[in-house]
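Work through these exercises with the sequence and the structure side by side. Try each task before reading its solution.

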Amino acid sequence: MLSWLSDWFWQERLWFPKGLGWADLEDRDGRVYAKASDLWVVIPLAVGFLIVRQIFERTVAAPLAALLGVTEKVRLRALYNPTLESYYCNTTKHPTQSSVESLSKLTGYSVCQIQRWFRRRRNQDRPSLLKKFREASWRFTFYLLAFIAGLAALIDVSTIPLPVSDSIQPFSGPLTLLPSQYWYYMLELAFYTSLLVSVASDVKRKDFKEQIVHHLATIMLISFSWCVNYIRAGTLIMLLHDASDYLLESAKMFNYAGWKNTCNYIFIVFAAIFIVTRLVIFPFWIMYCTWVYPVTLYPPFFGYYFFNGLLMVLQCLHIFWAILIVRLAFKFLRSKESVEDERSDRDETDESEEEDDEKEQEKQKTKKNGPLLNGHPVFNNNHHKAE
């Protein structure tokens, strides 16, 4: 059964245009080609990334955070209450007003105390500022090094600077695989694999599902382009993505450190590069040459639709994120306000003890003395005049 599935999956008519096949990717005449078996090295590399990340965050990111003055807010913890904890974990983290009143009767807490408990409990689950900084610094370091490595791989292959319509084709020109290309591909694929593994413990934002789709599409794209020798197209696509990602992570780092002006101006530069690379170069240059140009050489086949379908998924995500980025950029340019990541889940402001106590005392007075008018009790003047 497994043998049949393997033969069906790797059949040439799925992955190659008519007249080409796996035999064309066998090493010969001094040329070395990418092989699917090379991808097994990604597993230990991904595990290595997870280990290196833990070491980096403790030995580099944490001291850097202290150096930049990243400080934590003191969060008041919610006192443990089994009834409220069970409701919080199993029902909802945001109870309605009627639910709050029901919980008030069950626990003996006042309505204000119930609302305060849920605010504090939600804040406990939110990631700390230090955790956000450490995660951003790790990604910044990788994306910056990956961008430099991508430029090196681009320079290392003399055919890539030629017109993209020629350079992205899997069987045109001298296609021998260079060590720079091999390591660039393997490290990028291992990094995104490690991100997919660690996504459950990373800071969760409002675009969590979009991030999952992005990681999966990226892993499939890199793997597919490697197996069918779309090395040069894949190198260009990864380089375009790395060109702006490290700027975003650096802006986050300065934002967490309280360097608002530095964060704002880096974000504007990031927004400009993001739009140029992902909304102009990527669709009108790269995708044009993978979608339009190939059909002039051979009829469309499954691999053609699969590859371009994944590119279209990425482009849809680019548009989604570009809307958020442009919205933030215009907000800053109009009002000079600090740029805040709309995807982040912010801490809720906990009302002061005095305000809650005042509200509680006001309710107690209302129950004891009857309704109040301008702070004074309303006397019942509806007695019969004869009384």
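The expected span of a helix is 1.5 Å times one less than its number of residues. Keep in mind that this is a predicted model.

**Exercise 1. Check the length of helix 10 against its residue count.**

Solution.
- Step 1: Helix 10 covers residues 208-227, which is 20 residues.
- Step 2: At 1.5 Å a residue, the expected span is 28 Å.
- Step 3: The C-alpha atoms at the two ends lie 29 Å apart, so the model agrees with the expectation.

**Exercise 2. Describe the backbone and the surroundings of Asn-229.**

Solution.
- Step 1: Locate the residue. Asn-229 sits in the loop between helix 10 and helix 11 (231-256).
- Step 2: Read the backbone angle. Just after helix 10, Asn-229 adopts a positive phi of about 70 degrees.
- Step 3: Set this against the general rule. Most residues other than glycine have a negative phi. Asn-229 is not a glycine, yet its phi is positive.
- Step 4: Is Asn-229 buried or exposed? Buried means under 20% relative accessible area. Asn-229 has 4%, so Asn-229 is buried.

**Exercise 3. Find which parts of the chain the salt bridge between Glu-57 and Arg-134 ties together.**

Solution.
- Step 1: Recall the principle. Side chains of opposite charge can pair when their charged atoms come close.
- Step 2: Apply the cut-off. A salt bridge needs a side-chain nitrogen of Lys or Arg within 4 Å of a carboxyl oxygen of Asp or Glu. In the pair Glu-57 and Arg-134, the closest N and O atoms are 3.7 Å apart.
- Step 3: Place the partners. Glu-57 belongs to helix 3 (residues 42-68) and Arg-134 to helix 7 (residues 129-156), so the pair links parts that are 77 residues apart in sequence.
- Step 4: Check burial. Glu-57 has a relative accessible area of 8%, so Glu-57 is buried.

**Exercise 4. Analyse two further salt bridges, Glu-135 with Arg-139 and Lys-252 with Glu-249.**

Solution.
- Step 1: For Glu-135 and Arg-139, the closest N and O atoms are 3.5 Å apart. Both residues lie in helix 7, 4 residues apart, about one turn of the helix. Both are buried.
- Step 2: Lys-252 and Glu-249 meet at 3.6 Å, N to O. Helix 11 holds both, 3 residues apart, again about one turn of the helix.
- Step 3: Lys-252 counts as buried at 11% relative accessibility. Glu-249 counts as buried at 5%.
- Step 4: Look for shared partners. Salt bridges join Arg-53, Glu-57 and Arg-134 into one network. The structure holds 5 salt bridges.

How values were computed. Residues numbered from 1 in each chain as written. Predicted model: local features only at pLDDT ≥ 70, side-chain atom pairs only at ≥ 80, totals over all residues. Heavy atoms only, no water. Buried < 20%, exposed > 50% of the residue type's maximum accessible area, 1.4 Å probe, protein only.
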